[in-house]
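Visitor: I'd like to go through this structure with you, one topic at a time. Could you show it to me before I start asking?

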Amino acid sequence: MHYYLQLLINGLVVGGIYSLVALGFVVIYKATQVVNFAQGELVMAGAYVCFSLTVQFHVPFLWAFLMTLGFSVLLGLAVERLALRPLIGESTISVIMVTIGLSSVLKSLVQLVWGTQIKVFPQVLPAEPLFLAGVPIAPVYLAAFVLSALLFAVFSLFFKYSRLGVAMRATAFDQQAAQSMGIGIKNIFALSWCIACVVSGVGGVILGNINGINSQLGYLGLKVFPAVILGGLDSLAGAALGGLIVGVLENLCDGLAKDFLGLSGFKEVAAFVVLVLILMIKPYGLFGSREIERV
Amino acid sequence: MSDLLRIENLEVVYNDVVLVLKGLSLAAEAGKITALLGANGAGKSTTLKAISGLLEGEDGAITDGAVLLDGQAVHGRPPEEIVRRGVFQVMEGRRIFQDLNVEENLRCGAFTRPRGEFRESLDKVYGYFPRLKERRRQIAGYMSGGEQQMLAIGRAIMARPRLLLLDEPSLGLAPLLVEEIFEIIQRFNQAEGVTVLLVEQNARVALSVASRGYIMEGGRIVMDGAAEELLGNPDVQEFYLGMGASGQRKSYRNIKHYRRRKRWLG
Ligand SMILES: Nc1ncnc2c1ncn2[C@@H]1O[C@H](COP(=O)(O)OP(=O)(O)OP(=O)(O)O)[C@@H](O)[C@H]1O
Ligand SMILES: [Mg+2]
């Protein structure tokens, strides 16, 4: 039992990271209708920059973290400006191809600069476990979960109450009508890429602190697809829930498969199996709007 | 007597090939309501989008002519800049942000305005449309067509424009509501001194609030004049107000009549 509780906690923590990355994906999809296949590589970019700052340049972690946020903003602006803006009005498939290309470019750049070895972040938080209801939890796990939740809360409030957040939702619903309000939709597009890069970058830093990073980190993006499709592609709450579900399911299923079937490696497919099952019952995801375009 | 808006010999092309406006000229006098009438497909909405810059997203382009606001050229500028210069378009079909609530829609209308005036503007909108106040937290997509039109005009009031472009505000509304909406448009025009360019199918009600009217056909203006003058014009009466030339019921048997009608309705 203890073992499964541990798996559940692991699942929630990893799921929190998936939720963040899914949030980035959904923000881009909603505002610009672009399906971003480079989401996982944005995670990787943030993780490596933070790693580089702390380990190679000996910047204190908190500063490195803040600088990574700054870097993510710039990365978002650059990607939107250089890769996506020239494609406004082009067909969906061209835009998808560009995001796939972007993912390869980012991955190669990371391999070029940092190699393919696993990199380990320095220990920031104490290793002593905390006890929550008798279950030992590593402080870094707790911090990871709290940070993900906090970031999600911040963005929920932003979309609900800030002028720009409301304008982003308006743009997501009807671009031309948003333009008629005087909302500069190009700025909104750029902003959505910035947000996507920032939440992914934070996800990357968290992940680096838990597991260490390597140049395959981008495959995390693949896990985000079941999460967002579960959640319905265009819903923030759905992204949060979808991420958590995928995180928990893959950990629990993995444990169960090992215990009862003697199978290892079920982790990688569990999410997709469950996704297929859920979509058979709810074809538009748990929260999705009906007229959404499927990928 | 000065014109806030002047359009000179405007030509608009969609998709690089379809010429829709063919040298259109018109003027909107400051502080007055100007009506722009015409059959379906005449190019009325295109004219408004050419003014507000919204052609951009539809692969439409101004290939010739000028749009002058206060004598300054605004054509070719992006829509967000034109809104900041005080031009606000209420698009055809209301174009409410359906998954935002009423007040969030109104915030979008005030997007280009300083935060400080938001409360005051909101109270003004609720003064004109008490029904919106009752439904302020309601998701806009669930409101009736009439309420959505009120919301669309409410967003325009939030923007405090100098020039308000209205595209068929009577579309799909019951006659009583049409009267109510037009009365509010007239009140707004008089209270704030806003210049209005009003596109309508419902010529009678449009000319009853306008001081001047233009009639367009096939991308050009074919007639213009003071509103009463147009209301009294036999051709206008016949083809836009649904009256026979001498007040009798219309007859389609007359070939000459048919040709004239064809000329009008494109
Ligand atoms: N985005 C577009 N691309 C190509 N052609 C267009 C586009 N928008 C309008 N048109 C064409 O331009 C012409 C004028 O259209 P417009 O919408 O301006 O007419 P309208 O006078 O507003 O008509 P209605 O009274 O039906 O609203 C029509 O023939 C229409 O088919
Ligand atoms: Mg029209």
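Guide: What follows takes the ligand site, the metal, the salt bridges and some backbone details in turn.

Visitor: What should I know about the model before we begin?

Guide: It is a predicted model, in which local features need pLDDT of at least 70 and side-chain atom pairs count only at pLDDT 80 or more, while totals for chains, interfaces and linings use all residues. Residues are numbered from 1 along each chain as its sequence is written, chains are lettered from A and ligands numbered from 1 in the order in which they are written, and side-chain values use heavy atoms, with hydrogens and water left out.

Visitor: OK, ligand 1 then. How many residues surround it, and which are the closest?

Guide: Ligand 1 is surrounded by 15 residues, and the closest are B:G41, B:K44, B:S45, B:T46 and B:Q201; a residue counts as near when one of its heavy atoms lies within 4 Å. By character, the shell divides into four nonpolar, seven polar and four charged residues, where Ala, Val, Leu, Ile, Met, Phe, Trp, Tyr, Cys and Pro count as nonpolar, Asp, Glu, Lys and Arg as charged, and the others, Gly among them, as polar.

Visitor: Which helix gives the most to that shell?

Guide: That is helix α1 of chain B, residues 44-52, which contributes three residues; helices (H or I, at least four residues) and strands (E, at least two) are DSSP runs, numbered from the N terminus.

Visitor: And which polar side-chain atoms lie by its oxygens?

Guide: A polar side-chain atom of B:Q201 lies 2.7 Å from an oxygen atom of ligand 1, and one of B:N40 lies 2.9 Å from an oxygen atom of the ligand. From the backbone, an N or O atom of B:A42 lies 3.3 Å from a ligand oxygen. The protein covers 67% of the 630 Å² of accessible area that ligand 1 has on its own, with areas taken from the Shrake-Rupley method with a 1.4 Å probe and, for residues, only the protein chains shown counting as cover.

Visitor: Switching to the magnesium. What are its protein donors?

Guide: The magnesium ion, ligand 2, has B:S45 (OG) and B:E92 (OE) as its protein donors, at 1.9 to 2.2 Å; donors are N, O and S atoms within 2.8 Å of the metal (3.2 Å for Na, K and Ca), and water is not among the atoms, so sites may look incomplete. The two come from distant parts of the chain, 47 residues apart, with B:S45 in helix α1 of chain B and B:E92 in the loop between β6 (87-90) and α3 (102-109).

Visitor: Are those two buried or exposed?

Guide: B:S45 is buried, at a relative accessible area of 15%, whereas B:E92 is partly exposed at 34%; buried means under 20% relative accessible area, exposed over 50%, and partly exposed in between (1.4 Å probe, protein chains only).

Visitor: How many salt bridges does the structure hold?

Guide: There are 24 over all chains, a salt bridge being a side-chain nitrogen of Lys or Arg within 4 Å of a carboxyl oxygen of Asp or Glu. One of them joins A:D254 to A:K258, with the closest N and O atoms 3.2 Å apart. Both residues lie in helix α10 of chain A (residues 236-261), four residues apart, which is about one turn of the helix. A:D254 is buried, with a relative accessible area of 10%, while A:K258 is partly exposed at 41%.

Visitor: Which residues are linked in a network?

Guide: In chain B, salt bridges link B:R113, B:E117, B:E120 and B:R160 in a network. Within this group, the side chains of B:R160 and B:E120 meet at 3.6 Å, N to O. This pair links distant parts of the chain, 40 residues apart, with B:R160 in the loop between α6 (145-158) and β7 (163-167) and B:E120 in helix α4 (residues 118-128). B:R160 is partly exposed, at 25% relative accessibility.

Visitor: Last topic, the backbone. Where is phi positive in a residue other than glycine?

Guide: Most residues other than glycine have a negative phi. Here B:D59 has a phi near 60°, and B:R94 has one near 70°. B:D59 sits in the loop between α1 and β4 (60-69) of chain B and is partly exposed, at 46%. B:R94 is placed in the loop between β6 and α3 of chain B and is buried, with a relative accessible area of 14%.

Terms used:
A polar contact is a pair of N or O atoms within 3.5 Å; within protein, one must be able to donate a hydrogen and the other to accept it, and residues adjacent in sequence count only if both atoms are side-chain atoms.
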